[in-house]
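Student: I have a new structure open and would like to get my bearings. Could you walk me through it?

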Amino acid sequence: MPVYWSMMIATAIIGILCYGISSKKVIVEGKETTRVRIGFVVVLVAYIVFFIGFRDKVLDTGAYISSFKSMPTDFTGLFLYLETLDSGKAFYFLSAVFKMFISDNYYAWLFFLAIVSCGCLFRTIYKYSIDFPLSAYLFIATTTFTWLLNGTRQFLVVCILFGFVEWIIEGKKIRYILLALALTTIHSSAIFMAVIVLFIEVNQTFTKKTIFFIGLTVVGTYYSEQVFEFLGETSESLNYADTMAIDGGSNIFRLIVASVPIIIVLLNYRNVKKIAPPSINMSLIGICFYFAATFTNGVLVGRMPIYFTVYNLYLLPWVIRNCFTKNSRKIVWVLCVVSYLVYFYYQMCIAWDGLMYVSKFLKLEFL
């Protein structure tokens with residue numbers, strides 16, 4: 001736990017520095033805001049990646065390390081190895097190539113995965129968030145960062161797709177769909193993003209097509225878990241939902257937390273419907289998956305919301321800026337920070353009973 005609390009403290013300190021040191025003015029999502037200095041972003045990402053990369057025993061990390069160690073060191077063995085896999089062949093192929101030509105040290109490999117994931121994720125947050133310090137804080141406080149420790153392969157796909165969200169915003173859906181299809185070779189759940197993006201409207205929110213898909217999602221996921229098993233990771237023994245979720249599905253508190261931005265938008269819909277960002281539609285779909293995973297034993301369904309809830313990282317700051325008066329924004333901002341701090345404590349200390357962290361290299365062992 002001390003490692004994760006240090007991430008929270010580091011994020012808070014860097015956030016305070018971002019607010020205190022003036023930066024250039026830019027227009028983000030139709031609002032003037034300050035673009036924080038890139039150096040602060042680099043330092044924050046480096047701090048998070050440092051502990052992510054040097055881990056030895058956290059949740060399913062042991063399985064990833066064992067897999068990396070067992071990978072062949074020549075192409076003949078590699079192709080034989082790939083034939084034994086049912087899914088994720090591109091991930092393991094690239095990992096083996098990394099081992100052969102870059103480093104056979106698993107720390108280096110974990111660092112590489114963390115850098116790619118965080119690089120893509122923070123690139124989009126930096127570009128689209130009107131309050132980067134708050135978005136960075138939410139990344140830690142909502143425990144989204146734990147996907148870097150568990151479910152690494154899927155989160156890599158999530159972050160890459162999130163890193164190219166401008167293709168959706170700019171209406172270049174074909175590019176995004178092709179990327180999603182390519183990423184199915186890393187994690188097959190990406191196939192759903194290739195379909196879902198067809199229902200996402202760029203300049204409108206809560207359209208009939210989106211509402212239809214929401215209803216379809218709820219009904220379909222409730223009755224058709226076998227679809228997810230067919231397209232999902234049916235042979236995997238370890239995944240994020242199995243390890244982290246409660247009762248085989250998803251924790252209801254995650255549904256509540258993920259719903260906050262949408263609830264606020266709905267209460268102010270008349271005032272913001274013309275300027276609402278596309279991330280609202282993504283967040284709404286994420287809530288549908290959380291709903292299905294919460295009220296069923298939807299383990300595989302519970303793996304899907306992360307594709308959409310990452311948009312809340314920059315949607316919530318936008319909501320605070322646009323859905324409240326100038327006088328009430330500061331109060332709401334403070335309430336937001338405090339509430340998510342309480343959620344962080346609940347999730348890490350109570351729900352997960354203190355998330356372990358072991359690093360032989362750093363000589364840290366928190367069980």
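Tutor: We can take the nonpolar cores, a surface patch, the cysteines and the salt bridges in turn, keeping in mind that this is a predicted model.

Student: Okay, how many residues does the largest nonpolar core have?

Tutor: The largest nonpolar core has 106 residues, and those with the most contacts inside it are Tyr4, Leu121, Phe122, Phe139, Phe155 and Tyr307. Helix α6, which covers residues 106–128, gives the largest share of this core, with 14 residues.

Student: And what does phenylalanine 122 touch?

Tutor: Leaving aside residues up to four places away in sequence, phenylalanine 122 touches Val41, Leu44, Val45, Ile48, Phe132, Ala136 and Phe139.

Student: What lies apart from that big core?

Tutor: Another core of 19 residues lies apart from the largest one, and its members include Ile214, Ile287, Cys288 and Trp318.

Student: Switching to the outside, which residues make a nonpolar surface patch?

Tutor: Ile9, Ile13, Leu17 and Ile21 make a nonpolar patch of about 330 Å² on the surface. Isoleucine 13 has its place in helix α1, residues 2–20, and with a relative accessible area of 47% isoleucine 13 is partly exposed.

Student: Now the cysteines: how many disulfides are there?

Tutor: A search of the whole structure finds zero disulfides. Cysteine 120, for one, is in no disulfide, and the nearest cysteine sulfur, which belongs to cysteine 159, is 6.8 Å away. The sulfur atoms would have to be within 2.5 Å to count as a disulfide.

Student: Is cysteine 120 buried or exposed?

Tutor: Cysteine 120 is buried, since its relative accessible area is 15% and buried means under 20%. Cysteine 349, by contrast, is partly exposed, with a relative accessible area of 23%.

Student: Last topic, how many salt bridges does the search find?

Tutor: The search of the whole structure finds two salt bridges. In one of them, the side chains of glutamate 166 and arginine 123 meet at 2.8 Å, N to O. That pair links distant parts of the chain, 43 residues apart, with glutamate 166 in helix α9 (residues 166–169) and arginine 123 in helix α6.

Student: How accessible is glutamate 166, buried or exposed?

Tutor: Glutamate 166 counts as buried at 8% relative accessibility, whereas arginine 123 is partly exposed, with a relative accessible area of 40%.

Student: And which side chains meet at 3.2 Å?

Tutor: Those of lysine 172 and glutamate 170 meet in a salt bridge at that distance, N to O. Lysine 172 counts as partly exposed at 31% relative accessibility, and glutamate 170 also counts as partly exposed, at 47%.

Definitions and conventions. Residues are numbered from 1 along each chain as its sequence is written. This is a predicted model: local features need pLDDT of at least 70, side-chain atom pairs count only at pLDDT 80 or more; totals for chains, interfaces and linings use all residues. Side-chain values use heavy atoms; hydrogens and water are left out. A nonpolar core is a set of buried Ala, Val, Leu, Ile, Met, Phe, Trp, Tyr and Cys residues joined through side-chain atoms within 4.5 Å. Buried means under 20% relative accessible area, exposed over 50%, partly exposed in between (1.4 Å probe, protein chains only). Helices (H or I, at least four residues) and strands (E, at least two) are DSSP runs, numbered from the N terminus. Contact means heavy atoms within 4.5 Å. Patches are made of residues with over 30% relative accessible area and no salt bridge: like charges are joined within 9 Å, nonpolar side chains (Val, Leu, Ile, Met, Phe, Trp, Tyr) within 5 Å. Accessible areas come from the Shrake-Rupley method with a 1.4 Å probe; for residues, only the protein chains shown count as cover. A salt bridge is a side-chain nitrogen of Lys or Arg within 4 Å of a carboxyl oxygen of Asp or Glu.
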